[in-house]
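Please follow the description below with the sequence and the model side by side, moving from a single residue outwards to the sheets and then to the core.

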Amino acid sequence: MWHAPAVARFDAELYLRLAGEEMLLGPGDQGRRPWNPPLSEIASALLAVGAISATKAQAVLDDYSLAEALRSEHGSPHHMAIGRASRSPRRKAKALKPRRVVPCDRMIENAQGTMQIRRVVLAEDSTTIALTWRPTTSPRRSRRGRSRFMFGSGLTSSLSPTLADDRGTTASSNFEGGGSEEEWDGHLTAHLPLAPGTAWIEIDGNRIELTGQPWPCEISIEPLAEAAPAHRYLWRRLSVPTHFHGPPESLEPSIDALIAAGALPPDDPVIDDVRSVLEAMPQHPGMSASSRAVRSLPQPWRSLLLRQGKLDGPEGTITLGALTPVFDGFSAAVMTLESQPEGMAMEVDVTPGIEGHGPFNTSANPRQLAWWAADDRGNHYLGQIGGWSGSDDQMRGEINLWPALHPKARRLQIMPTGDTARAVISVQLPWAPAGSVDKDHPK
Amino acid sequence: VNAWWLGLSPAQATITCGEHHHRVRWEAGSLRALDHVDPEGERTLAALGGQRCACVDVLDAWERHQDDLRVLVLASRGRRDQLAPNEELGAVGPQVVQRAPAGVFRGRQRRTGAGFMGITAVGSSSGWTAYGPMRGRPSRRAQAENELIALLGLGGGLQERLVATVAAAWRQRLGHADRALARARPQLRAALHGRVFAALGDWLGTSGLESELRMIGDRDEPKLISGYGVVRAELPFGWLVEVWARDLGTIWGRFCLAATTTDGLSWRLTTVGPDLGPPAVITVQLPDL
């Protein structure tokens, strides 16, 4: 382990470069991951407390990511280049376009299989139809337990029906989604937007009356409570979902860097709190919390981890169509909320596209949302990205919330959370059992 | 003042230049194309629209990167830090340079879209970028990076000579404080740290080794001492040129703090033993070939 001698003025670039040297020369293959190297954790921490500029941090990360890729037998320089190419300059946030969201439950059968139409979303610039596709040769299966190993086209290459509206617009469409031989979930996207106010649409001549209404919700924007930048970084690091790597393996390099930078006192009690939460965090949402000391953890982590592993969530799905204004550089739309015994899932759209989830990401300052939720009983829930697609401008994906929704919860606040502000989407839950008390919204 | 390359043996690689295998040779601080009588003339002809020549492209790339600090970041730190023998080494970007076995630099004469050394892979049209998310022409930075990676893949000891060349250039600049130097200091210190750490790791073993390095001036006394379980090194940036580049990091089981000469043949090496006791001098006499 190398140490830079104590100096009066902290040199963040030198600290980061020395960490890079240690990573390259470290024992074994541990440091030889050409994607998302641990160095980015340190860079992000130093950047969060203003110890280094984003440009300089990124330059160091690029240097050492390429150096690492050149040494890796598993990776290659192109991993590094893909990561760099997939980074784009920060763009000014644009609100998602207003959209009309119409819940549906309509089956359309043809010789190839069955389409179950779940939702139609109409905006001035796009039309998408959420559906489940079951090829004719496949028996129907339950949504739970299905195997998902295919993405894109494959079996669904023939799934490109013609869409029409009541204004005479017709448009071809293409399907994107994921699934197995038995069942695919995904979206049809019209190549030409249909009229947002249309009374019906047709899918290959099968008419669907658009009479449904989305479930009502309330939306507000709240600033986050003031906090020391180092504290905010560490807590946020625990809550931002990472698709490929789960919770961070260790925050010690970040903690060391924050202490070295003078942004975190070595005896700060938050350090132990963060360590305890990380120790208790399951590596996978399905796992039970690993610590016996969960009850001593600070909120919201205590309630999150106390219910981890429960399988008592109610079953149900609501179509929301909740659209937030721009907050903290993001705009988000929550299209559906589905509760199952083991957890919840949401289909969301976000603009701009969210960085930091790709396998080759080496951004020092990724655009990321933490997806929190809280119920009226004081329970908290945290989201992980299940699958996503999109571009720099917009992302569409599935957020899996854990643990299971409390069976007596009557109201849920969904809170996509940025660095300094969050949106709060408040929903009365339709499946709450009679007699349970909504603390904030009593009848 | 002695030339920085005194005592450094020549290094040579063979590359494919047109239909021929040609040699590029580093000697006495310069890279030369041994099989081209008039590289400058060929350069001029190429600039006028004539056929580019891979050997001259390598010379030009070397010239462009001889003070490039990224060389110190990307290149090997020592024996236990080798760049992977990867077919894709040097294959980043749309104009592909494949690493060839035994130091052979495969290529064929053609002016590429990116102007990258006029060399492209034999039998490869687009390389990995056919599958990547890159759009349009590579940026100037990406082109420079491709070029650098290709240079590091030349083989035949040229990678180490390129590191020595860059280190020597920056050692000279250290004597003249300016803004560029101030910006480069973290990179220079990290380059020294990494190579000293690698040499110490080989020498003492890495298990439990706690080390600390202070970069001192060329005129300060270099030291390697131990205290409170930490090995403390005080070495100048010039150690990279004088010691590391000559592969003198350890000699006869001793760590080399400094190497000096007056004629390039008789060398005085200041060394310490594994007990980190007082320095002792080893004198080495090279044959006058």
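Leaving aside its neighbours within four places in sequence, N379(A) makes contacts with S303(A), R307(A), A373(A), A374(A) and H406(A); the model in which these contacts are found is a predicted one. In the chain, N379(A) sits in the loop between β16 and β17 of chain A. With a relative accessible area of 10%, N379(A) counts as buried, because the cut-off for that term is under 20%.

The two strands on either side of this loop belong to an open sheet of chain A, in which 9 strands follow one another in the order β12-β20-β19-β16-β17-β18-β15-β14-β13 with antiparallel pairing. At its edges stand β12 (218-223) and β13 (316-323) of chain A, each of which pairs on one side only. Between neighbouring strands of this sheet the turn is 25° on average, when direction is ignored.

At the β12 edge, β12(A) runs antiparallel to strand β20 (residues 421-428) of chain A, and 6 bridges join the two. Within this pairing, E222(A) has R422(A) of β20(A) as its bridge partner. Helix α5 (residues 229-239) of chain A lies across β16 (370-375), β17 (380-390) and β19 (411-417) of chain A, and its direction is at about 85° to β16(A).

Turning to chain B, one finds an open sheet of 4 strands in the order β8-β9-β10-β11, where the pairing is again antiparallel. Since β8 (250-251) and β11 (280-285) of chain B are the edge strands and each has a single partner strand, one side of each is left without a neighbour in the sheet. The pairing of β8(B) with strand β9 (residues 254-261) of chain B is antiparallel and extends over 2 bridges, and here T250(B) stands opposite F255(B) of β9(B). Helix α6 (residues 179-204) of chain B packs on this sheet, where it touches β8, β9 and β10 (266-272) of chain B and makes an angle of about 130° with the direction of β9(B).

F255(B) also leads into the largest nonpolar core, which has 94 residues and in which L158(B), V196(B), L224(B), F237(B), W239(B) and F255(B) touch the most other members. The helix α6(B) gives the most to this core, with 10 residues. In soluble globular proteins, nonpolar side chains tend to be buried together. Not counting residues up to four places away in sequence, F255(B) touches a set of residues that includes V196(B), A199(B), L200(B), W203(B), L224(B), W239(B), T270(B) and V272(B).

How values were computed:
Residues numbered from 1 in each chain as written. Chains lettered and ligands numbered in written order. Predicted model: local features only at pLDDT ≥ 70, side-chain atom pairs only at ≥ 80, totals over all residues. Heavy atoms only, no water. Pairing = 2+ DSSP bridges. Contact = heavy atoms within 4.5 Å. Axes fitted to C-alpha atoms, helices over the stretch in contact; angles between N-to-C directions. Core = buried A, V, L, I, M, F, W, Y, C linked by side-chain atoms within 4.5 Å. Buried < 20%, exposed > 50% of the residue type's maximum accessible area, 1.4 Å probe, protein only.
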